[in-house]
Amino acid sequence: MATTAPMHKNRTTTLGRISGFLNGGGLFSNVNLPAKLYPESRDLTSLTWLEIQGPHDEWQKDEWKFSEIINKTFSEKKIGDWFGKTWTTHWFKILIDVPTSWTGKEVHLRWNSSSEAAIYDTQGRMLQGLSPGFREEFILSRSWEGSTQQITYYIEMACNDMFGSGNGDLIAPTNNDRYFQLNRADIAVYDRQIYKLHTDLDILNQIANQLSNDHRGYQAMDTANEMVTLIQTDNDLEKASQIADVYFSEGNGKKAHTLVTMGHCHIDTAWLWPYEETMRKIGRSWMSQIGLMKEYPEYVFTCSSAQQYEWLNKWYPDVFAQVKDYVEQGRFIPVGGTWIENDGNIPSGEAFLRQFFYGQRYFKENFGLTCKEFWLPDTFGYSAQIPQLLRHIGIGRFLTQKMSWSLVNKFPHHNFWWEGIDGSEVLVHFPPGDSYNMNGTVSELLYSVNNSQDKGRANTGIYLYGYGDGGGGPTRSMIERQKRVQDVDGMPKLVFEGPDYFFKELEKESNKLSKWVGELYLELHNGTYTSQAKIKWFNRKSEFFLRELEHLATIARVTNKISGADYEADKERIDRCWKNVLLNQFHDILPGSSIELANQVAWKYYEETWVELNAIRKKYNDLILGNGTTARAIFNPLPWEVKTVIFNKLDSGTQPAGPNIQEVDLKSAIGVENGGEGQFRVPNQFSAALVTLAPSGYTTFDPQWPLNTVVYTAGATGAPAQYSNGLVRLEVSKTGIPYEELYFTGPSKVEQKVFGDRLNTGTRGGHYYIYDDIPLYWDAWDVMDYHLETRRFPKYTENTPFEDLTGAGRIVGISKFTGTFNNSKLERYTIIRADSPLVEYYTIIDWKENRKMLKVEFPVDILSREATYEIQFGNAKRPTHINTSWDMAKFEVCGHKWMDISQADKGVTIITDSKYGWNVRDNIVRLSLLKSPKNPDANADMHKHYIYYAVLPHEGSFQESEVIRRAYELNVLGANNVPLIPTGLTALPNSIATSTNPAVIIEALKPAHDIQNAVVIRLYEAHGGSATATIQLGGGLNATKVQVCDGLEAPGVDVPVSNNSFSTTCRPFEIQSFLVTF
Ligand SMILES: [Zn+2]
């Protein structure tokens, strides 16, 4: 035949001809190949509709169960009709009559409602998701058997698209008033041979374009061109198919780079939609994958997040049962081992571990397996403690790709050993396609080979494909495309396998890999340490609340106030509280990058959790302390004696009074306390008293007279007012903006200036600075380097510059500053307590800004080239200079409860109760307090905030100065209302578990999960040195046996016990867990 291409065939016109023939739209669409895909179609016999009115989560109500829905009245609708508004749910009942002439043909139902949807059978079983653009068909039959019986299906339409409903932009705030049009609902005959040819041509065309300078590329072009001619001239589909098969059968070489290809659909647990929509996304996405598994025996799919499996089981138990079958076959592969894919920076060490504790436990109980790798492809940076956290729960592998988003420096590896702060190492892989949403295209496959930073070191990579973020997952076409090029000369070799296969391959080459030490700092999205401040506040408080609850439960158990059997029910309640807090650590909720509705739902989860935790706390306090009222008790969950001034909310009638108690009225005009939140705020009116609290348990309230009282001196006109307590002395100017000077008298008894503006920047210690906060795109996520150029002092109006609230008090000294700037109003209280070297700042602010960032700054009289930041179970150092691009890119970093900057003889620590964003340049410490992004939540942070932080000057190193203990104390006691609990007992249980070495901190004390007569003690070395400690037990905890255990509480070797104590030695920053049987 005369189809041979001329010798000098024009490449441009040939490629244009091929791609035109593949194209489904345009002027020639009726003569191109896609027009032949569905040669015949018919309307549905009937299309009727029912709306679920009300808020988004209305669909979860009993009234809207499937069994109820089918008994309701449906009304007629037609194609072209509109449905809404956003977040509503609509049900359709469809009746289908397939013509007998279609017998033997493949028949599809086609649906496009321009929204997410799912098809159900008449029993209410979800059959598949339906998504506009990539999954609009449902296979009624691969070969219609000729039945004349009418078929009924139901379709659930969710009025949102894959990415919610952003108003004109992906991350714009939700358009809550949007309507979605039903574009298509019909049945059609599907020509599978045309589909095969279309896929062949598509891939050949891609190879021709990608391998443009390669013989294989030209061969692909010629093959495709010949196919088009065969189809167009003779409609010889068989021959066209055969020549494609010949091209694809020419295999690649033995040493070809291998990509282990696995389906994936990253469903953000909440983001541009709330949790309740995620529950349906999971059903739609995963059921669609079950369909593909039935169709393709080689297909494997990876999926993280125990919470998502739990939701599936709750809402779609029949889908869950099928998932379970495929998990057993090793094709639906749970990965990651965590409850959800959490933020990688902000969660506390204990919360981070609990992600695995609850996640792995879920996978074990439901599927009989635990995950072998940590899986966090889409999180905004990775703490330097993660390697040890993984090792502590038995994981040695980690996968992410997010580091490819760094804006400044390209990360130098895709495969490497990652060493954490304690020296633990894990094997890490970044899929070299730099994505988890790939589509099975030739360009992605080749990019995955060419982009690898480890050429010559690692010859295998992971290829993660499927629609993600909003769910969806792989499609038939993605799998078909990869099947074509599985083993084709010029392309990488593809292996359809899971992560275990890949990591075993990588482990064979792991001796060639490099090592990266310290955090995986993402040079982007560092505004996520600050956005949605209330979520972060809830998070920190919840982490400590849970810590306290488990401590209380331990006391109740070891003193036998509650039996092991009775505790089981409480344990489930505490587990649920933990799971809610872990859920809200999802990597778009805790970072603050979700829409308003998702944030409001997250707040609700916290509030419900606190109601539950308060109820359990009251129950245990009552059980342990009895019903008497002759005394009052204070609970100290910290494992060391604490001497501190506590603030206790004034309650009418029951308030203790006396010479050692000072009553304080903050006279806040802004402050409002509501419900459960009040316990974690400084009350507007409170009494202050100095107490010494026994470690780890209860102490009777017994106010003491301080060694050094607070002395307030008003000073002469024009001279500053002065607050001192023998340890610190604070001068406050009384006119204009109240500037402060701080002096510290440490063990050397020499008074030293704390604030010092060495470089004459004009920075005022303890004051607020405003920055513009207009990033390139990712509004809630980012702070750009250039924001540092926009710093200015607020233009205050309506100020009350200085007001003293101390009066004749001796326990606490307080100065107050009230100011208004732009649209925001604030009250700042500077607080000094008796016998404490801390200068504390409590700010109530009504924040009403647009793309402004608020920071507090401290110029400190310290020369240091690095600052130290608390991270999970330890600390990490970052530079205070910008020598290199790597240093410069860290202009905003994450730290937990404290940051310290020290020189050889002294230092200054800043402690916070819920802030995470820091910048230390030269000797100026900046703590980010608030952002005001408008996308994706137009009202982000536009409300009142209660902000607590403190300055702690010290002599010697921070390790020598008990900085870490002070940071815990401020979080647990200092920034909160400390309740006085009525009791009739005189002897109270305490000192349950203490450490003799201040470097060894007992972080968790909890009843063991699986053993009724045991508790778990988790401790860590906090100073970064080798440390030996004796762990003394008491207060009713009498150990019969102590065993080492891991983070999952699996018992290990015995530890000798003597005098109800045991001893342990830690490496720098080592985490250790023990099971103590009583
Ligand atoms: Zn994500």
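Here is a short walk through two spots in this predicted model, a zinc site and a buried aspartate.

Let's start at the metal. Four residues coordinate the zinc ion: His 266 and His 587 through NE2, and Asp 268 and Asp 378 through OD, at 1.9 to 2.1 Å. If you trace these donors along the chain, their spacing reads H-x1-D-x109-D-x208-H. The two histidines tie together distant parts of the chain, as 321 residues separate them. His 266 belongs to the loop between strand 13 (258–264) and helix 6 (275–295), while His 587 lies in the loop between helix 15 (564–583) and helix 16 (596–625).

Now for the geometry. Ideal angles for four tetrahedral donors are 109.5 degrees. Here the angles among the four donor atoms run from 90 to 152 degrees, and the site is irregular. Because a tetrahedral site needs all angles between 85 and 135 degrees, the upper end of this range rules that label out.

Are the two histidines buried or exposed? His 266 counts as buried because its relative accessibility is 2%, and His 587 is buried too, with a relative accessible area of 0%.

Next, please turn to Asp 941, in the loop between strand 45 (924–930) and strand 46 (944–955). This residue is buried but forms no salt bridge; Lys 915, the nearest side chain of opposite charge, is 6.9 Å away. What does the side chain of Asp 941 reach? At 2.7 Å it meets the backbone nitrogen of Ala 533. Ala 533 is also one of the residues that Asp 941 touches, among them Thr 530, Ser 531, Gln 532 and Lys 534. Trp 847 and Lys 931 are contacts of Asp 941 as well.

Technical notes
Residues numbered from 1 in each chain as written. Predicted model: local features only at pLDDT ≥ 70, side-chain atom pairs only at ≥ 80, totals over all residues. Heavy atoms only, no water. Donors = N, O, S within 2.8 Å, 3.2 Å for Na, K, Ca; no water. Tetrahedral: all angles 85-135°; square planar, octahedral: opposite > 155°, others 65-115°. Helix = DSSP H or I, 4+ residues; strand = E, 2+ residues; numbered from the N terminus. Buried < 20%, exposed > 50% of the residue type's maximum accessible area, 1.4 Å probe, protein only. Lys, Arg positive; Asp, Glu negative; His and termini not counted. Salt bridge = Lys/Arg side-chain N within 4 Å of Asp/Glu carboxyl O. Polar contact = N/O pair within 3.5 Å; in protein donor to acceptor, adjacent residues only side chain to side chain. Contact = heavy atoms within 4.5 Å. Lists of a residue's contacts leave out its neighbours within four places in sequence.
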